Amino acid sequence: MNDSKGEISRRELLQKLSPLGKVSLDTTKCTGCGLCAQECPTGALTVLLNEESDTFRLLFKHGICVACGQCVEVCPEKCLQVERLLEPDKIDGQSVLFEDEIARCSRCGGPIGPKSMIEKLQARMTAAGHALTPQLGLCPDCKVQTQFDHLIGKNGHIS
Ligand code: SF4
Ligand code: SF4
């Protein structure tokens, strides 16, 4: 905001001149789908799956965000915002925008994705009147394997 002498605040100046962007996120809406990180052209947004601590993290590097807005465009939950802003003390750092537990495959125990994503998918299927199948709790490899097992049946012949 301009002050009484027509001067602009330091934040406004940093916004006007900044070549960098700052991304913020509504954690109550994010499902951790990772699409924003997939589309980010600079790698400012990345996904980290830590299997030791069973955590999913969406990470943001201010120093390489060019404020292009592609992450905002692609987010299916509309929970991202980007502003042109320079925060000198955060240029070298990395912040955690979203964190969740990892859901695991009920067959092999491998990681499927963030729990929020699976829960949201289940809630949407229920709301749409679809039955929840055990397939939802499987990783892609186990989904294929269970379909294959079903096809060949117990006697080893394709049914
Ligand atoms: S911010 Fe949006 S696109 Fe990114 S992980 Fe969350 S829901 Fe997905
Ligand atoms: S605004 Fe552009 S560069 Fe910045 S995080 Fe989003 S997609 Fe990446």
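Reader: Is Glu73 buried or exposed?
Author: This is a predicted model. Glu73 lies in helix α3. A residue with 12 or fewer other C-beta atoms within 10 Å is exposed. Glu73 has 12 such atoms within 10 Å, so its class is exposed.

Reader: How far apart in space are Glu73 and Cys36, C-alpha to C-alpha?
Author: Start with the sequence, where Glu73 and Cys36 are 37 residues apart. In space, C-alpha to C-alpha, the separation is 8.5 Å.

Reader: Which residues are the closest to ligand 1?
Author: The shell around ligand 1 has 14 residues. By class, 10 are nonpolar, three polar and one charged. The closest are Cys30, Cys33, Leu35, Cys36 and Cys75.

Reader: How many charged residues are in the shell around ligand 2?
Author: Ligand 2 is surrounded by 14 residues, and the closest are Cys40, Ala44, Cys65, Cys68 and Cys71. The shell has 10 nonpolar and four polar residues. The count of charged residues is zero: there are no charged residues.

Reader: Which elements each supply at least two residues of the shell around ligand 2?
Author: One is a strand and one is a helix. They are β1 (21-25) and α3 (70-74).

Reader: Is Gly21 buried or exposed?
Author: Gly21 lies in strand β1. A residue is buried if 20 or more other C-beta atoms lie within 10 Å of its own. Gly21 has 23 such neighbours, so it counts as buried.

Reader: What separates the C-alpha atoms of Gly21 and Leu85?
Author: Gly21 touches Cys65, Val66, Ala67, Val82, Glu83, Arg84 and Leu85, leaving aside residues up to four places away in sequence. Leu85 is 64 residues from Gly21 along the chain. Their C-alpha atoms are separated by 5.3 Å.

Reader: Which residues have the most contacts inside the largest nonpolar core?
Author: Nonpolar side chains tend to be buried together in soluble globular proteins. Here the largest nonpolar core has 15 residues. Elements α2 (35-39) and β3 (55-60) each give two or more residues to this core. The residues with the most contacts inside the core are Val23, Cys36, Cys40, Leu45 and Cys71.

Reader: Which residues does Leu45 touch, not counting those up to four places away in sequence?
Author: Leu45 is among the core residues with the most contacts. Its partners include Val23, Cys36, Cys40 and Cys71. The full list is Val23, Cys36, Ala37, Cys40, Leu58, Phe60 and Cys71.

Reader: Which are the edge strands of the open sheet?
Author: Four strands form the open sheet, in the order β2-β3-β5-β6, with antiparallel pairing. An edge strand here pairs on one side only. The edge strands are β2 (45-50) and β6 (111-114). Neighbouring strands of this sheet are turned by 30 degrees on average, direction ignored. Named again, the edges are β2 and β6.

Reader: Which residue in β3 is the bridge partner of Leu48?
Author: β2 and β3 pair over six bridges in the antiparallel sense. The partner of Leu48 in β3 is Arg57.

Reader: Which residues form the covered face of β3?
Author: In a regular strand, side chains alternate between the two faces of the sheet. In β3, the uncovered face holds Thr55, Arg57 and Leu59. The covered face is Phe56, Leu58 and Phe60.

Reader: Which residue in β5 stands opposite Phe60?
Author: β3 and β5 pair over six bridges, again antiparallel. Opposite Phe60 in β5 stands Ser95.

Reader: At about what angle does helix α4 run to β6?
Author: β5 (residues 95-104) and β6 pair over three antiparallel bridges. Ala103 stands opposite Gly113 in β6. Helix α4 (residues 115-127) lies across both strands. The angle of α4 to β6 is about 80 degrees.

Reader: Phi of Asp54 is near what value?
Author: Most residues other than glycine have a negative phi. Asp54 lies in the loop between β2 and β3, and is partly exposed, with 14 other C-beta atoms within 10 Å. Its phi is positive, near 60 degrees.

Reader: What is the phi of Lys78?
Author: Lys78 is found in the loop between α3 and β4 (80-84). Lys78 is exposed, with 10 other C-beta atoms within 10 Å. Although Lys78 is not a glycine, its phi is positive, about 55 degrees.

Methods:
Residues are numbered from 1 along each chain as its sequence is written. Chains are lettered from A and ligands numbered from 1 in the order in which they are written. This is a predicted model: local features need pLDDT of at least 70, side-chain atom pairs count only at pLDDT 80 or more; totals for chains, interfaces and linings use all residues. A residue is near a molecule or strand if its C-beta atom, placed from the backbone, lies within 6 Å of it. Ala, Val, Leu, Ile, Met, Phe, Trp, Tyr, Cys and Pro count as nonpolar, Asp, Glu, Lys and Arg as charged, and the others, Gly among them, as polar. Two strands pair if DSSP finds at least two bridges between them. Axes are lines fitted to C-alpha atoms, for helices over the stretch in contact, and angles run from 0 to 180 degrees between N-to-C directions. Two residues are in contact if their C-beta atoms, placed from the backbone, lie within 7 Å. A nonpolar core is a set of buried Ala, Val, Leu, Ile, Met, Phe, Trp, Tyr and Cys residues joined through C-beta atoms within 7 Å.
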